[in-house]
Structure formats: structure tokens, C-alpha cells
Amino acid sequence: MFFAAHEVSEVSKELPSLIISWRPVAVVLFPMVASLLVLLAASKIKRFAGFMAALVGIVTFLLVLSLYPLVRHGIIEFHYSNLMSMGLLFRVDLLSFIFAFLVSLCWMLVLIYASAYMSIEEQPVLYFCFSLLTLGSCLGVVLTGDLVSLFLFFELLTFSSYVLVINRLNREALAAGLFTLYMGVAGGLVLLFGIFYLYSAVGTVELAPLMEKLAATPGISPAVIFTCFFIGFGIKAGVIPLHLWMPKAYAASPAVVNALSSGAMIKAGIYGVLRILMLVLTPSSLEMKELFSFSISTGYLVMWLGLLTMVAGAVMALMQGNIFKLLAYSSISQMGYVITGLGAGAYLFGAEEAMGFSGAVLHSFNHTLFKTAFFLIAGIIFYRTGEVELKKLGGLWKKMPLVTVFFILSVLAIAGIPGFNGYISKTLIHDALLEAQHHFGGLDLYIAEKFFLIGSALTFCYYLKFFQGVFLGPGPEKEYFKRKVPWLLYIPLFVLLLFVLAIGLYPNFFVEKFVLASTNVFTFDHHSIEHIAGFHFFDPHPVEAALQVLILALAIYLPLNKWKLFERSAPRWMSVENLVFAPVARVTFKFLCRFGVSMDGSVNNFYFSLGDNFLRFCRYVGSFDRGLDKFYMTSSHTALQFLEKSRQFDDALNEAYERTGFTARDLADRTTRFDGALNRAYEITSEAARRMADRTMQLDEALDRTYERTGEAAMRMADRAMQLDQVLDKTYERTGEAAKRIADRTGQLDSALDRGYEKAGASTKHLLQKGAALDEGAGKPDREEYAVSGSKAKRPSYNPLEWNIRNINFDSLLLALMLGLVIFILFYFTRGLTGL
Amino acid sequence: METVIYNFLPIWAVMFPVFMSVIIFITGNRSEKLRNGLSVATAVVTFLSVAAMYPVIISGEIIVFTLFDILPGLGITVRVDILSFCLAAISSFVWMLVSVYSIDYMSHEHGGNRYFPIFIFTLGSTLGIFMAGDFFTLFIFFELMSLISYVLVIHEETREALRAGYKYLIMTIIGGLALFFAIILTFELAGTVSLNEGTLITVPSTLAFLAFLTFLIGFGMKAGMFPLHVWLPDAHPVAPSPASALLSGIMLKTGAYGLLRVIFHVFNVSVIKEARWDLILGVIAVITILLGSAVAITQFDLKRRLAYSSIGQMGYIILGMALLNEKALVGDVFHIFSHAIMKSTLFLAAGAIIWKTGLRNINDLHGIGKKMPVTMGAFTLAALAMIGIPPLNGFLSKWTLSLGALDAGAPYYVVVLLVSSLLNGLYYLPIIIAAFFGGEEHDEEAKIKVNEASYRMIIPVAILGIGCLAFGLMPNNIAFELSLKAASFLFGRVIP
């Protein structure tokens, strides 16, 4: 057990040793497996479910406690290297242990309570199974050593807690559950993005200080990582403005679920935020002072966010009429304290940083104690009366005095009255703020400190309102007391208040042994740790602050109560949900869906119109095709005709050719024949020619001979001719002489003739004169007369006595011929002789 | 490490179902029981013969050989490397389970004699795609599968189914033609289309870009990539549920497989990076993811919602390719595994519900989880895996993909993935919630009065549902190991 005496300084100074143990795995897996067993058992006997679940809760708590001896000596680790392909790392240090402790403690008490309480609800089996599953995942979140494993359990937590929220299965519960689930899933995804980003930047998902590595990686903004993680865990932790799911879920689910949500599950978110601060904002050694600027500015922002959450949550709580909603906003407000503490711690880096951190850790522990108590009390009230509205309740202090006492003690705790645990943690956080003011100065920090006081005062106010509404005043006329409260419902309250008082009365013991020991996961200044270890909680100064708060609370509450201002609630639109989230979500969602649908539709339409156009185009092509077809038809027709004609022509041509062929063949035959004949003729001719040549030769020879002979003959002839010539010469001479004598004789003849002609002429003239005289005298001569006249006329020209051809007788002719012949022969021979 | 091994298991795995589909068709006319038995036996034998390649493949060897050549450099070739094996193994595994599921599902439907032979034939052709040694062979099987699966789409023969089938057919043909064009371009540019040559195109010319684009159209059409996805939400819901499971779970992956081959074998990482084509892929992926997820929210037909979800999920796979680094590729291949298992679970579970109740509208399914706990349990596991809840397999793939995106220096892709996860949550969670926690306020008459489907339908659904958990959580995650090996193999080729 953690009460074991051990020096804090020793634990924090020595390097933590590594202990390999499967125990954390068992702690996580046991409730998960048990939930299945409970489901199986419940299907047989329903009554056992609650009992079994309570038993499992107790065993789990003991298992968690059994980690303490190990964790006191070092860090427990267990690594499944090949599970989920990335490895699953369990690692428990003291910080993990504190959270595991408070988670399992809260769960154990609530399960014990629920085993009696769930008899009034309709779905006890659903509750017990899933609360055990949720317990396992919640423990998983705080016991894992790397972000992937953490994320695994974180998502499991989201889903299994969803089933817890919708336990009543009515419309309201389902709506609230769905809202919670969506926020959880969205937060998970943002967280996942942060993990991706971190991993890609530094290559590890281990929960270890990574500030230097981040600073050394260029292009990586630690602010992005921090924001992602803060949103992711902040949704679980209910940081304003991410708290929206809480009031809805709390109002719709049974008290036992709310007690778990507020007491334990919120702490998973806080744990995450703590780890992130360690991851991103804490250097591995204090020497790296230059890196603090980011821590300081982030811390400043976170601190203000915490203060805002605190005050706004308190104001909202003040306005609620439903006790569960009031407690929900109270939880939000209380988480504001924790966040403020963390922010102040980061802001004070290098100074009194441990103050803020340990205040935050202690306050989350304290919150688990008193807020669980509140929810259990509210559960008892609901169990007894079946009512949750403040207006309808009243006067219960008489009927339930024990519950009234518990309630008053819890209020004192949460309001921070000295002697109770709330005082301790609030004092630490307040002191951190004072320290910041002291350290940095400035009006803003002064206001911050006052804000803190106002928040605390408001906290007191709304619990006064709660108290007045439920326990004081007249009870309603109608009798609503229905059931007797079983004693089992009181036991967890006893335990819780025991812790409340123990921490409140012995603060230094707890702070040293428990809270400060856990700070060794951070690299804190030793001075600041020692400062807290020796902190005097009951000094006048912090007590005075508590009293201030009380007075302020009364100053706020009394006038408000007098004028009944609590009943007024803010207008519906004036909430973060209706102002920011709902419109943004709706617009984004609508945009995405509309965009998607319209895009999808337009793509579809595009295809269809494409198809239509294509069809139209096809139709065009079709008509074109038809035209083309027609054209082809006509042209083919024409072509056919043409073909026919050409065929005919062809036939004719063919015929002609054939005929020509025949003729040609005939011709060829003939030619061949002719050729043969020619050949033969040539042959014959050649033979004949040869023969002729022969003959010619012979002839030639004969001719030769002839010529020779002729020559000879000619020679002889020439000789003869010569002789003839001489003969002739002599002949000529004789002839000449003869001719001369002839010529003389002829001359004589001629003159004789002349005289004959003259006498003939004179007789003719005479005759003619006689003829003319006859013509004139006779007139018409008859034929005879004429013939006679004619013969008479001729008679003068043909004088047979005259030389006339007709007078030449035959003898003379023959003589002439003979003469010519002789001349011819003479001439011939002369020529022939001369030619030779 | 590349050795030519004459291992005839790939041919057996492809040809056996094709051959058996004939026998199943013949026996179907005689005996329904024999037909069903043979179908299951064929699927089992095929799965076993694919699984038998594991020792060869895991030792880093590649089965490569040529059956015969049609033209020089163009023939029917076989090639099984680790990526082929991954796809073939998951396909035949899911097919085997779906064949068991089909028996009871089809007993109430008409046309079982048509369904089973086609179902088995499609198995053969799908495996053919994965085991093809070159793009030519791949194309043949791709077309075969696409056209044959048309019969599965229009099985119901309703007006709606025929319309959807017609759309599917037209789109498929367009895709096939684009693919053919791309292959011809590649052949022209590189002289071969073999997968065994390493990078085929090393210069990002205009022609190469055209090839890339047409490859993207051809394979993207099948993968349901925006803006070619329009057939998918029509075709997948109208098919009988076991066929939808295969269409969505397996056959979409053939497109993804083809794109992977294009990126790593036709081109290579440096070419695509140099030409900035990864940007095209990235933009398409982002639109596909957001569109699929957003439109799914507006659908109230259960199967139609699942179909749109498939579009979104295929966007993840395309995104994984767009990132072009090894880590993203691991996530990519693993998401192929994951989505195959998740989506078949979802479709089979939806099929069981529709089969039992006849209800398709999500608003009518109040309280179904109490009546059919196993079916809805598996559905829940798969749906949560879809959202990316650890430790389910969907988370693992989303995780690896996101790390890949961050490695690539693109955190906005992670934001897209996470937004899509949220949208997945918005459309899956109400189904689950209504199934388990709804219906309390309804009066007795409105409540669904059915009980769980027959064991032959539950068992495959349950195995797949548990698969979602096992492949996320299990140590020695075989799918993840294979994805790691496949990614390093693909990158090992590119960067010597």
C-alpha cells in the first residue's frame, strides 16, 4: 500500500529502474474479460450480474494496489512488440498509478453502490457489462506507455462509455449518446492527427519528454501538436468550449453512470492533458531554458482557458434546475480548476512550476472523491424520490438526515473549507496563481487570481442552491417517497468521505507521499518540489483566502436568492453549442453532403448527357449512313449497268478476239504454209538459180567460145569487109559514073517533063474554060454528067503520059526497090566496116 | 532474387475454376446439391493452390514463364510475385467463404444454375488478372472478368438491375478500350508490355502521359475512381449480396492492382514524381474519398450506402499510390487486404439481413442486432474497422497510410483521411446503434421477428468479421507482413 513509509526525495532523485511485469496487462484485461463473463452469467441469472460486477471492481482495485510496491521502485513496463503490428506498450509510473488508483477506487465504490442501485433501472446487465469494459479501457488509457496504445484504449473508452450513456435506451438517452459518441469520435480523430504529426516529426510515440526533439525538427509546429492533443483530450475532460456533451449525457443517464463519468472518465482526459504537457512542454532537463518560452505562452493560454471553464461552468451550474445537469456543470467547472493548475504550472516553468502541477493532480484526485460522493447522493435522492428537478424536491433533511450530513460534508470539501481536501488542492492552485502574479506581475494575473476567487465563490453558491432546493424548504404536497434506501448505498459514501477528511486533515503526508512522488515523471526544479513538501497549509494566509471566498459566496448568493434569479436561465441561443458548434457542424455537414451528392449527380448526369449526345451523334451518323447507302445503291446500279455494258462489250471484244484469233491462226497456218512453199520455192529457185548459174557459166563459156569464134569470124569478116570495101570503092566509082550519067539523063528527062507540064497546063486552062462554059450552059448536070465532069476534071492532073506514080509501072518499082536495097546493103556494110 | 521457376500452380489456379465452371454448369441441371458442393470444393481447391505458392513467394522468388507467344514480345505469360500473391490469396480466400455463403443464399433465388458457374468462372479470371505476366495477358483476363461479372450484376433481372447492368457494361467497355489503347501505347514506346522488364517507360513524354492517362481511365474505371465511379453505386447494390461482396471486396481491387503495376512497372516512382503525375492521383483520391463518404451519408438503402463507402475506401487506396513512398505503399497494400475483408463482411451481413427480413432501408432495421447477434456483431466489427477504430485492421491501414502521407510531407492528406473517418462514423454508427439499441420504443408489431440466418451464412460472415479484428490485433499479422514485403519489393525494383 502507498502508506508504506518511504522517503519522497529518494524516489524522486534516483533514476527510476525498469521493472518488467505483466501486472498492468492483467489489471487492464481482467475487467474486460470479466465483463464477458458477467454477460454470460447474466444470461442465466440476472441477479448475479451486480454482485459479480462489484466483485470484479474490488478485485481490480486490489490488482491496481498490487502495482504500488513495484511502482515505488521504478517504472513497470510490459511490451507486446508484435501486437497490432506496432506494438502495445504498458508502462506504469507514479503518475499513471495515481490515476489508475483513483479510477479503480471510484469504480469499485460505484459498482458496489450500483449492485443495489441498478434494481430501479431497466438495463442492469447492459450497465454492468459495459461498465466493466469501460473500466478496463479507462485503466488502459492511464497504464499505457505510448500514444498508439493510449489511443487504442481511448477509443475503446469512447465506445464503451457510449453504451453506458445510452443505458436507459429512450429517445433522450440515444440522442445524448449519439452526440457524445460523435464528439468522442471527432475528438479521437483530432487526437489521432496529433499522434500522426508527432510521430512523423520525432519518430516515436513514446510518452516521454520530446520538447528538444520537436524543437530540433524543422517545419514542425509544436503548437499544432499541442492543440490537437488538447482538443482530443479536452473533449473527454470537458474543457469549455468542448464540454457540450456532458450536460446532455449526464441528464440522460443514471446516477451510477454519471458518477463514473465524472469521477473517473473525465480523469482520463485530464491524464491525457497532463501527459501532453509533459510531452510537448517539458524539456528533458532544466538546462534547456531557452525552450521554455513556448511552455510559458502555452501555459498562459491554458491557464486562462481553465479560468474560463471554471467560471463559466460555475455560472451555468448556478442556472440549472436539474440536479444532474447542475452536477455536470459543476464537474466542468472543477475541471477548470485542474486545467488552471496545469496552465499555471506550465506558465511558471523554471519557477514554482511544481505548485500548479501538484495542485492539479491533487485536485483531480479530490474531485473524484467529492464529485463521486455528490453523484451517489443525487442517486440516493433519485432512488428515494424518483425526481431530479430542484423545484419538485424539498425538505429532505428530515427524511434523510444521514444523506444531509454527507451532503454538507461534500459541500464543505468542494467549497474549499479548511479541514477538507478541496481546501488543500485549491490552495495549491491559488498559490500557483499568486506565485505567477508575484513572478510576472501585471494586471492580467491579478484579474486571474480574482477570477479564481469568484469561481470558488460561485461553486459555493450553486451548492447552496442545491442544498436549499433539495433539503430545505417545504416538501411538495404530493407524497413521492417511494422506496426504502438499502444500506449498501451508504457504504461507498463513508469510504469517500473518509478519504476527504483524511486528506483534508493530513495534507502534507498525502502531498509528499503521493502527489510529489509522481512529479518525477516531469523534470521539475527540486526547490519547488521541496517548497511544496514543506508547505504550511494552515497558515493564516491561505485560510484567509478561504474565508474571503466564503464571504464572497454569501454576498453573491443571498441577493440572488432573494430575487429568485436562479430560476432564470440563459436564452437558448446563448450557448456555445447553438452559437458556434451547431451552425458550423451543420454547415460543414451540409456542404460536404450537398457537394458530394451534387457532384455525384452531376457526374452521373454528365455521363448520361454524354450518352445522349453520343446517341444523337450516332443518329446523325445513321442518317449520313443512309444517304451514303442510297448513294451506293444508285452508284451500284449505275455500275451494274456499266458492268453489263462492259460485259457485252467484253463479249463482243472476246468474240472479235476469238475471231481474230482464228483468223490469225489461219493466217499463221497459211503463212506457215506459204513459208513452206516459199521455202520450197526458195529451194527450187536456188536450185534453179544454181542450175541457171551453171547454165550461165556454160553459157558464159559458150559465149566466150562464141565470142572467140565471133572474134575470129569478125576478124575474118573484117578482112573480107576490107576486101569488100576495096571492091565497093571501085563499085562506087563505077556507080558514081553511072549516077552521073543517070543524072544527065534525068536532067534531060526533066526538061522534057517541063515541057510536058507546060503543054498539060495550057490544055487544063483550056479545059477549065470549057468546064465553066458548060456549067453556065447546062444548069443541072446529072450524075453521069457529074462523074464524067469529075473524071474530066481529073483527067488534066493524071496524065498517064507524065511522070507520075501511077504512071510508074511495076518494073520501075521493082527497080527502085532493088536500088534501095543495094544502097542499104552498101550503107550497112560501110558502117559495119567502119565499126570494126 | 528473380529466378525463373516453372511452377504450374498459377496456371492450375486459373484454369481449374474455369474448367470446373463447365462441369458445374453441367451438373447443375442434374443435382443442385452436387452443384453447390462442387462450387465450394472448387473454391477451396483454388484457395489451397494459391496458398501453396506461399513458400516459393515468401522466399523472394518470382514465378515467371511464358506459355506461348502470339507475336514476338507479346504472348500469354505467367508471373507471380509477392504483390500478385497478396491479391490472389485474399481474393481466393474471400471467394471461398463467399461460395459457402452462396449456397443458402441462392437456394431462395432463381437461376442458381447460372449463378454458380459464372461465380466460379469469375474466380478463375480474377486470379488470371493477378497472375498475368504482362499487360496483354492481364488485359485478356481483365476483360473476361469484367464481362462475365455482368451476369452477376444483373442476376435479379429486375428493371433496376438491367439498367444498372447496362451502365456497368458500357462503362466497362469504355474502360477496356482505354486500357487497350494504353497497352498499345506502351508497346509502341517500350517494345514490350511484360511486367518482368522493370521500368518500361522512363521518359515522361506526351505519349507517355497519354498512356498514363488511359491506364488511369482503364483501371480507375474498375477501381471506382472519381469521376468514373458512377456505375458502382448502381451495380453493386442490385447484385445478389454474395456477388456484391465480391464485386466490392475483390473485383474493385483488380483496378487498384492494375494501377499499382502501372506505377511501378510501366513507369517508376521517379518518372511519376518528375512528371508530377502523383498530383493527379492525389487530387482524384481526395475527391473520391470525400465524395464517397459524403454521399454515403445521404443514402438510406443499406447496400447502396455500402457501395458508396466502397468508393471512399478505394479513394484511400488511390491516395496510397499517390504518395509514392514505401510506408504509404505498405498501408496501401494492407488496405487492399483490409477493405476486402471489411467490405465483404459488411455486404455478406447486409445480405443475411435482407435475406432474412427483406428490409433494405436503414430506418427499418431497429433492433435487428438482438435478433441476429452474430451477423450484426460481424457487421459492427467491420463497420468500426471502416471508421478506423483500433485495434481493428482498418485502423492499421489508416495509420500506415497517414504516416506515409506525413512522410511525403503532406499532412493535408491525413486531414482528409480523418475527415473521411468521421464521415464513416456518421453513416455507420447510426446503423449499429439502431440495430442494437433501437427499437425499444416501437410497439410490438413493428418489431422485427426473425432469428439468426442459417449457419452456412453465419460462419463466413463471422470468420470475416473476426478477420477484421485478427488482422488488426493479431501478432504475426500475416497480411501486414505480406504488405511490408510487397512494398519493399516494389520499391526494391525501382531503387537499385
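**Exercise 1. Which residues of α21(A) are buried? Then check the length of this helix.**

Solution. Start by listing them: in α21(A), the buried residues are P507(A), F510(A), V511(A), F514(A), V515(A), L516(A), A517(A) and S518(A). Keep in mind that you're looking at a predicted model.

Now look at the spacing. An α-helix has 3.6 residues a turn, so residues three or four places apart point the same way.

Next, the length. Helix α21 of chain A runs over residues 507–518, twelve residues, and at 1.5 Å a residue it should span 16 Å. Its end C-alpha atoms are 16 Å apart, so the model agrees with the expectation.

**Exercise 2. Work out how far the predictor trusts each chain.**

Solution. Take chain B to begin with: its average pLDDT is 87, and 96% of its residues score at least 70. Chain A averages 82, with 89% of the residues at 70 or above. Within chain A, watch residues 1–14: the pLDDT there is below 50, and this stretch has 19 contacts in the model beyond near neighbours in sequence. For the model as a whole, the scores are ipTM 0.87 and pTM 0.79.

**Exercise 3. Decide whether chain B has the radius of gyration of a compact globule.**

Solution. Step one is the expectation: for 496 residues, a compact globule would have a radius of gyration near 23 Å. Step two is the value for chain B, 21 Å, which agrees. Step three, get a feel for the dimensions: along the principal axes, the C-alpha atoms of chain B fill a box of roughly 70 × 55 × 45 Å.

Then look inside. In chain B, 64% of the 496 residues count as buried. Of the contacts in chain B between residues at least 6 apart in sequence, 80% join residues at least 24 apart. The secondary structure of chain B comes to 20 helices and two strands.

**Exercise 4. Is R705(A) buried or exposed? Place it in chain A too.**

Solution. First, the chain: chain A has 26 helices and three strands, and 42% of its 836 residues count as buried. Second, the address: R705(A) sits in helix α24 of chain A, residues 576–778. Third, count the neighbours: R705(A) has 10 other C-beta atoms within 10 Å, and the cut-off for exposed is 12 or fewer, so R705(A) is exposed.

For a sense of distance, try G359(A): R705(A) and G359(A) are 346 residues apart in sequence and 178 Å apart in space, C-alpha to C-alpha.

**Exercise 5. Find the residues with the most contacts inside the largest nonpolar core.**

Solution. That core has 441 residues, and the two to pick out are V256(A) and I318(B). The largest share of the core, 20 residues, comes from helix α5 of chain A, residues 94–117. Now zoom in on I318(B): leaving aside residues up to four places away in sequence, I318(B) touches A223(B), M225(B), L281(B), I284(B), A285(B) and T288(B).

**Exercise 6. Describe the side of chain B that touches chain A.**

Solution. Count first: the contact takes 34 residues from chain B and 36 residues from chain A. Then sort chain B's side by element: α12 (277–297), α17 (393–407), α18 (411–437) and α19 (455–473) of chain B each give two or more residues. The largest share, ten residues, comes from α18(B). Finally, sort by chemistry: chain B's side divides into 24 nonpolar, seven polar and three charged residues.

Notes. Residues numbered from 1 in each chain as written. Chains lettered and ligands numbered in written order. Predicted model: local features only at pLDDT ≥ 70, side-chain atom pairs only at ≥ 80, totals over all residues. Core = buried A, V, L, I, M, F, W, Y, C linked by C-beta atoms within 7 Å. Buried ≥ 20, exposed ≤ 12 C-beta atoms within 10 Å, placed from the backbone. Helix = DSSP H or I, 4+ residues; strand = E, 2+ residues; numbered from the N terminus. Contact = placed C-beta atoms within 7 Å. Nonpolar A, V, L, I, M, F, W, Y, C, P; charged D, E, K, R; others polar. Rg over C-alpha atoms; globule rule 2.2 N^0.38 Å. Expected span 1.5 Å × (residues − 1). pLDDT = per-residue confidence, 0-100.
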